[in-house]
Every structure is written in structure tokens, then in C-alpha cells.
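Good morning, everyone, and thank you for making room for this short talk. Please have the sequence and the structure open beside each other while I speak, and stop me whenever a term is unclear.

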Amino acid sequence: MYYPEPIAKLIESFSKLPGIGQKTATRLAFYTIGMDDQSVNEFAKNLLSAKRDLHFCSICGNLTETDPCGICSDPTRDKSIILVVEEPKDVLAMEKIREYRGLYHVLHGTISPMNGISPDEINVKSLITRLMDSTVSEIIIATNATSDGEATAMYLARMIKPAGIKVTRLARGLAVGSDIEYADEVTLSKAVENRLEL
Ligand SMILES: [Zn+2]
């Protein structure tokens, strides 16, 4: 079907988003042109700002407007514990339960023997650098309960334990194959409380 170019381009942009097929992209594009000018301007502004004003924290790798991020620079956080997660959205999930008061480290992925992703391709090196600071006494590995998440946890435990730092993993109760971000708050809270030493 033929659409004027501006619409065709908008459909193309929407269809590049995850989980959006051609049909949904077309629906969203037509919805967008039906919106009033102010809403469209705001939408466009938010898109640009999210990309332009957010950076990765140079210490923990979390998404932030300031560097270091609010968590790394918060003097009330417990600097002796670092909780390691796969993605920035996992930090949000953990912060929601409001029980954890330590610091974070975001890996931006997992090691994946199946897909040929090596430790060098995720944010591991800066974690090792952080451990040289002797204030760290425990690393909690909160990678997802998937085979890649497990492989990553095992790798990190092997790397970190010789340095005499306690390495723990979130307790089971998280369903196998499940993502941290979708766990309910009680499950996540329990998983932290009952973490196991690796
Ligand atoms: Zn940070």
C-alpha cells in the first residue's frame, strides 16, 4: 500500500521498536498524526532528551543524568556491598523494594557461551577495578535466572572470590528462566534476604 513519504518514514521508525510489527507501527503512525501539535512536540522532545541527557554512570554503568549517578554519590549508601545486575532496568526493580542500601554494578548484558559473548564484551573490567578499593566486602550477583545469567554468575564468582571478597547469589524463589525486572516485590525482597554464598 502506498503512503505519503512522511507517514511511510514514521511507520518505519515505529516498526524498528521491539515487539512492534508493521500493523501496529501503522496504527501508531496514524495515531501520532492525529495528536495535537503540543503533544507531538512534547513526544519528540522527550525522545531526544532521553537520548541526549542520559549517560552511563562512569562508576556503576547505570543510566543517569549526572556522573557519578545519584546512587554512587549518595553518602548514605553502604559502600561495602555491590549488587551486580544485567541491565539498568534491574536497578529500578531493586530500588522499588527499598530494602537494599548498597551500591550497584550494571553489566549491560551477560556472558553467553552459546552466542559467543565473552566477558570483554560486557561491563566487567570496571567492576574488577572497583574491587581494588578495599571498602568492598560483598558482591551480590543478581543476574537473571537464565543459563547465560548463571554462566555469568559462575564466571564472576571465580574471578572475585580469590580476592577474599564474599560472593553471594540471589536465592531461588525466582523462577528459573525468569527476569529480575518482572519479579514481584515480595519475591525479590526474599531473594535478597536469603541470598546464598557462591
Ligand atoms: Zn553509579
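I would like to begin with Cys-72, which is buried because its relative accessible area is 11%, and the cut-off for calling a residue buried is under 20%. Please keep in mind throughout that what we are looking at is a predicted model.

What does Cys-72 do in this model besides being buried? Together with Cys-57, Cys-60 and Cys-69, Cys-72 is a protein donor of the zinc ion, each of them through its SG atom and lying 2.3 Å from the ion. If you follow the donor residues along the sequence, you will find them spaced as C-x2-C-x8-C-x2-C. Cys-57 and Cys-72 link distant parts of the chain, since Cys-57 sits in the loop between strand S1 (55-56) and strand S2 (63-64), while Cys-72 sits in the loop between S2 and S3, 15 residues apart. Cys-57 also counts as buried, because its relative accessibility is 4%. As for the geometry, the angles among the four donor atoms run from 105 to 116°, and the site of the zinc ion is tetrahedral.

Just before S1 we come to Asp-53, which is found in the loop between helix H3 (37-52) and S1. Is Asp-53 buried or partly exposed? It counts as partly exposed, because its relative accessibility is 29%. Leaving aside residues up to four places away in sequence, Asp-53 touches Thr-64 and Glu-65, and its C-alpha atom is separated by 8.8 Å from that of Thr-66, 13 residues further along the chain.

Let us now turn to the sheet, which is open, has five strands in the order S4-S3-S5-S6-S7, and shows mixed pairing. Strand S4 (102-106) and strand S7 (196-197) stand at the edges with a single partner strand each, so one side of each has no neighbour in the sheet. Further in, strand S3 (residues 78-85) runs parallel to strand S5 (residues 138-141), and four bridges join them; here Ile-82 stands opposite Ile-139 in S5.

Two helices lie across these strands: helix H4 (residues 88-97) crosses S3 and S4, running at about 155° to S4, whereas helix H6 (residues 147-160) lies across S3, S5 and strand S6 (166-169), running at about 170° to S6.

Finally, a search of the whole structure finds two aromatic pairs. One of them is formed by Tyr-100 and Tyr-104, which meet edge-to-face at 5.2 Å centre to centre, with 65° between the planes, and both of these tyrosines are buried.

Note on methods
Residues numbered from 1 in each chain as written. Predicted model: local features only at pLDDT ≥ 70, side-chain atom pairs only at ≥ 80, totals over all residues. Heavy atoms only, no water. Pairing = 2+ DSSP bridges. Contact = heavy atoms within 4.5 Å. Axes fitted to C-alpha atoms, helices over the stretch in contact; angles between N-to-C directions. Donors = N, O, S within 2.8 Å, 3.2 Å for Na, K, Ca; no water. Tetrahedral: all angles 85-135°; square planar, octahedral: opposite > 155°, others 65-115°. Buried < 20%, exposed > 50% of the residue type's maximum accessible area, 1.4 Å probe, protein only. Phe/Tyr/Trp six-rings, centres within 6.5 Å; stacked < 30°, edge-to-face > 60°.
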